[in-house]
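Dear colleague,

Please find below the structure that I am handing over to you. My notes on its side-chain contacts and cysteines follow it.

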Amino acid sequence: MTRIYFNDVVTRDGFQIEPYFIPTEDKIKLIDGLSECGFAKIEVTSFTSPKAIPMLRDAEEVMGKIKRVPGVEYTVLVPNLRGAERALESRADELNLVMSTSETHNLANLRMTREKSFAGLAEVIRYVDGRAPINVSLSTCFGCPMEGEVPQSVVEEFAQRFVDLGVRGLTICDTTGMANPKQVTSMAQSLQDKFPQTELTMHFHNTRGMGLANVLAAVQANIVRFDGSLGGLGGCPYAPGASGNISSEDAIHMLDAMGYDTGINIPKLLVLARELPQIVGHAVPGQVAKAGRTCDLHPAPEYINELK
Ligand code: COA
Ligand code: ZN
């Protein structure tokens with residue numbers, strides 16, 4: 001049975017676009033719940049500027065108060081050197097550096113050119129110097145909402161430059177749900193051929209309803225690592241039209257039904273997904289929490305007994 005490794009990003013990518021501040025205690029409780037579900041990784045928060053992402057201004061407190069379960073990696077998003085210092089002080093298990101493969105989105109989101117971001121992140125990698133593993137999330141790899149097409153060659157070029165700096169993993173992000181399954185197959189095959197030693201993760205958003213189709217294309221191309229967000233919340237506040245990540249529970253339910261080993265306790269995960277609307281104050285897009293699993297059957301109506 002193929003093992004699939006899931007990273008839940010609800011308290012980072014999921015919450016960063018929510019309009020009202022989510023209390024620190026609610027974040028901690030949710031992360032502690034996710035830790036009990038069997039995730040390989042949880043992206044707890046981000047060490048970005050609190051002015052840019054006010055929702056995550058409590059990053060230190062959250063990292064300090066969560067219960068760390070052995071076997072779960074607690075990762076954090078880091079945009080610059082200041083973020084890396086804060087992440088190491090908070091004993092993050094991994095630093096997830098971020099930059100965009102689209103110049104326009106990088107300028108909008110990180111307020112600098114891609115080259116400046118790359119140079120800054122290279123400095124971060126030298127500064128960290130092996131004290132924590134490094135993953136790099138490359139945004140807008142399947143298209144930019146402002147520029148349009150991002151050539152696969154540009155993604156491969158940035159991937160190569162970070163691999164040359166010795167990073168452990170790369171996350172290929174479809175920031176605003178522009179990827180289609182054919183494109184995913186091509187990207188997955190090419191990156192695995194070029195970087196067989198690098199842990200590759202796919203990060204999809206369901207903005208145009210292609211999220212699970214893209215997961216399917218990726219697993220069929222031998223990708224085993226995925227980001228997902230509980231309830232399907234999420235989106236980058238600096239990418240116009242951004243909306244939710246693929247729902248972790250929907251993707252995990254699908255892969256489990258197909259016979260993949262996700263390592264996740266799905267009933268426990270669904271309990272958390274069903275509590276989420278109360279935390280954020282609105283309905284969430286995830287489907288399986290509403291419908292139940294395919295094995296959660298309904299009683300048949302009484303009248304069929306008379307028809308037998
Ligand atoms: N943590 C805390 N504060 C930080 C910081 C960090 N990692 N990086 C910068 N700051 C603070 C600076 O201290 C400065 O504060 P001051 O105004 O009180 O002096 C302020 O932010 C501006 O610093 P500057 O270096 O000029 O950064 P900037 O304004 O060019 O912003 C980023 C650059 C990357 C820090 C900022 O755009 C950012 O955090 N973006 C978030 C991107 C993101 O997470 N998007 C969603 C996920 S894809
Ligand atoms: Zn995202």
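A charge is taken to sit over a ring if NZ of Lys or CZ of Arg is within 6 Å of the ring centre and within 35 degrees of the ring normal. In this predicted model, the charged end of Arg131 is placed in this way over the ring of Tyr127, at 4.8 Å from the ring centre. Arg225 likewise has its charged end over the ring of Tyr5, where the distance to the centre is 5.1 Å.

Turning to contacts between rings, the model contains three aromatic pairs. One of them joins Phe142 and Phe204 in a tilted arrangement, with 6.1 Å from centre to centre and 45° between the planes. Phe142 belongs to the loop between strand 5 (134-139) and helix 7 (152-164), whereas Phe204 is in strand 7 (residues 199-204), so this pair ties together parts that lie 62 residues apart in sequence. Both Phe142 and Phe204 are buried.

As to the cysteines, the structure has zero disulfides. Cys236 takes part in none, and the nearest cysteine sulfur, which belongs to Cys173, is 10 Å away. A disulfide would require two cysteine sulfur atoms within 2.5 Å. Cys236 is also buried, its relative accessible area being 9%. For Cys295, the closest cysteine sulfur is that of Cys37, and the separation of 16 Å is too far for a bond.

With kind regards

How values were computed: Residues are numbered from 1 along each chain as its sequence is written. Chains are lettered from A and ligands numbered from 1 in the order in which they are written. This is a predicted model: local features need pLDDT of at least 70, side-chain atom pairs count only at pLDDT 80 or more; totals for chains, interfaces and linings use all residues. Side-chain values use heavy atoms; hydrogens and water are left out. Buried means under 20% relative accessible area, exposed over 50%, partly exposed in between (1.4 Å probe, protein chains only). Rings of Phe, Tyr and Trp (its six-membered ring) pair if their centres lie within 6.5 Å; planes under 30 degrees apart count as stacked, over 60 as edge-to-face and the rest as tilted. Helices (H or I, at least four residues) and strands (E, at least two) are DSSP runs, numbered from the N terminus.
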